Number of protein chains: 2
Amino acid sequence: MVRARPTGTEPVGPAHKAPQDESPSGEWVEKRTSLVDDAYAAMRANIRDATFAPGYQASEQEIALRLGMSRTPVHEAAIRLQEDGLVRVLPRKGILILALAPDDMREIYDVIIAIEGRAAELVAALPEAERLAAAQDLDALTTAMEEAQGRDDLPAWGEADGAFHAAMIAHARNRRMSRIVQTVNDQSHRARMLTLNLRRNLEASVAEHRTIAQAIRAGDPGPALDAARRHRLRARDELLPLLASYGLKHL
Amino acid sequence: MVRARPTGTEPVGPAHKAPQDESPSGEWVEKRTSLVDDAYAAMRANIRDATFAPGYQASEQEIALRLGMSRTPVHEAAIRLQEDGLVRVLPRKGILILALAPDDMREIYDVIIAIEGRAAELVAALPEAERLAAAQDLDALTTAMEEAQGRDDLPAWGEADGAFHAAMIAHARNRRMSRIVQTVNDQSHRARMLTLNLRRNLEASVAEHRTIAQAIRAGDPGPALDAARRHRLRARDELLPLLASYGLKHL
DNA sequence: GAGCGCCATCTTCCATGCAAGCTGGAATAC
DNA sequence: GTATTCCAGCTTGCATGGAAGATGGCGCTC
């Protein structure tokens, strides 16, 4: 079903994905996506890839025009993005794309250290079958990192690294933790893209990932928590000074 | 400044506080509040005090009428509440006040254990002056708990207990952690009100609070983290079975 | 030239209208 | 009596217009 596009302009947002759902029978049924969801996804993607650079101030009207919809869904999507900490809606001034200050990175790291540590602990405390499945997933992703490293394929390394951490959270089976991590990941996405090119100790990350996976496999919650914490603490201590030395006031 | 009330009905919502404030000195502190903010605050308060009971399904039109505004601000406030996990907006059906399942409480406890543990660790790692100030705050609030306990004043005990945990997070100086805790506290507010009357080990809580404050005072991050975690773990193990035994499917 | 005030313009905020989806129940067929 | 169809009334989704706040520039005053 095609929705009327009264303004005549075609939607242009890069993230115009059609959310779908799997029906019980296994067929793919189209799920009705609202314009608000479209606007949210498009703006979020634009912020992630810096099409909307931090500090940029856009008017809702302008974005609406670009996405081929009216101001209303853009406005409502902006509210959601503000709740996510990605933009600020300035009354009667427009939508401001938020920049990340060094202090924000400190905050984000502490949130990650807390949540991911607990997640590792929880995964290590799972019944053996699930635990082993999780450890296997994590080891596979760590192997993917090693292979990427062997090919000097930094983007692939970053992706596998992200997938490792995402998998660990997912195995902890806590939707609130997943959401929290997702939110701070969105906020720090641009910083991660930048720091990926500055990293030196790729081997250390791989080794720490192995340690985490091993503790989970062994069913040792304490060591798993400790290994996950240490991993993130080291990454923070390695990357925050780099960011600072680049004098990044906004990011 | 008087805002037009086009519907003619007077605002009747219990939480519709005057959007203006006059300071004691007579100056105008004028708090600019939008109708969206009013609607958000009113609905949030109504959910907290169970005026909108879980499972209740309201139409935006009805709430708008009650608050003396049109559907738009109510709709936008509903989006924010949905983002907070307090309601679900069902397309073309209305706003559903979410209930809390036991599994939600498990998730919330794990988030709190993670965040509060890290927060305690951070506070204990502060420079001495701030650390001591924090410990003093925490001790004062713990004393307030003891006094309330002496008077058999359970509500006051609960309030002081909440203030203790809020103070610890505040002293950690991490806005994202504050927001996360605020969000899950909103979600679990009704459950806490209920369990307050079921608790037995009030003394244990007080003792654990003292231990946490002491570790912070001494500047021992590790023990602070450990004490905070243990405190929440014990509370969880005490309360979750109680909730389960009450057969609370929704809350 | 410097400072001040006014106003045109741009922006969001909010109310409202219209369209379309969902639901329950009445009416009909069997 | 039971199953089915259809429709009226309810709901939100979205577009749009009017109102009012913010801002920057222009002209005026001194």
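This briefing describes how two protein chains are arranged with a DNA strand, and how one of those chains is built. The model is predicted, and the values given below are computed from it. Chain A can be laid on chain B with an RMSD of 0.1 Å, and residues from both chains are among those closest to DNA strand C. Within chain A, a division into domain 1 (30-97) and domain 2 (102-245) has been assigned.

**How the two copies are related**

- Laying chain A on chain B takes a turn of 180° with a shift of 0.0 Å along the axis, and the resulting RMSD is 0.1 Å.
- The two copies are therefore related as by a two-fold rotation axis.
- Among the residues of chain A, A:Ala114 comes closest to this rotation axis, its C-alpha atom lying at 2.5 Å.
- Both copies use the same surface for their contact, since 100% of the contact residues of chain A recur in chain B.

**The surroundings of DNA strand C**

- DNA strand C is surrounded by 20 residues, and the closest of them are A:Glu60 from chain A together with B:Ser34, B:Leu35, B:Ser70 and B:Thr72 from chain B.
- In chain A, helix H2 (60-67) and strand E5 (94-97) each supply at least two residues of the surface near DNA strand C, and in chain B the same holds for helix H1 (35-48) and helix H3 (71-83).
- The largest share of this surface comes from H3(B), which provides three residues.
- Sorted by class, the residues of the surface near DNA strand C comprise eight nonpolar, eight polar and four charged ones.

**The build of chain A**

- Chain A contains nine helices and five strands, and read from the N terminus these elements follow the order β-β-α-β-α-α-β-β-α-α-α-α-α-α.
- Of the 251 residues that make up chain A, 35% count as buried.
- When the contacts in chain A with a separation of 6 or more are considered, 71% of them are accounted for by residues 24 or more positions apart.

**The two domains of chain A**

- Domain 1 of chain A covers residues 30-97 and domain 2 of chain A covers residues 102-245, and the C-alpha centres of these two domains lie 30 Å apart.
- The contact between them takes five residues from domain 1 of chain A and five residues from domain 2 of chain A.
- On the side of domain 1 of chain A that touches domain 2 of chain A, there are two nonpolar residues, one polar residue and two charged residues.

Terms used:
Residues are numbered from 1 along each chain as its sequence is written. Chains are lettered from A and ligands numbered from 1 in the order in which they are written. This is a predicted model: local features need pLDDT of at least 70, side-chain atom pairs count only at pLDDT 80 or more; totals for chains, interfaces and linings use all residues. Copies are superposed by least squares on the C-alpha atoms of residues with pLDDT of at least 70 in both. Two residues are in contact if their C-beta atoms, placed from the backbone, lie within 7 Å. A residue is near a molecule or strand if its C-beta atom, placed from the backbone, lies within 6 Å of it. Helices (H or I, at least four residues) and strands (E, at least two) are DSSP runs, numbered from the N terminus. Ala, Val, Leu, Ile, Met, Phe, Trp, Tyr, Cys and Pro count as nonpolar, Asp, Glu, Lys and Arg as charged, and the others, Gly among them, as polar. A residue is buried if 20 or more other C-beta atoms lie within 10 Å of its own, exposed if 12 or fewer, and partly exposed in between; C-beta atoms are placed from the backbone. Domain bounds come from an automatic or database domain assignment.
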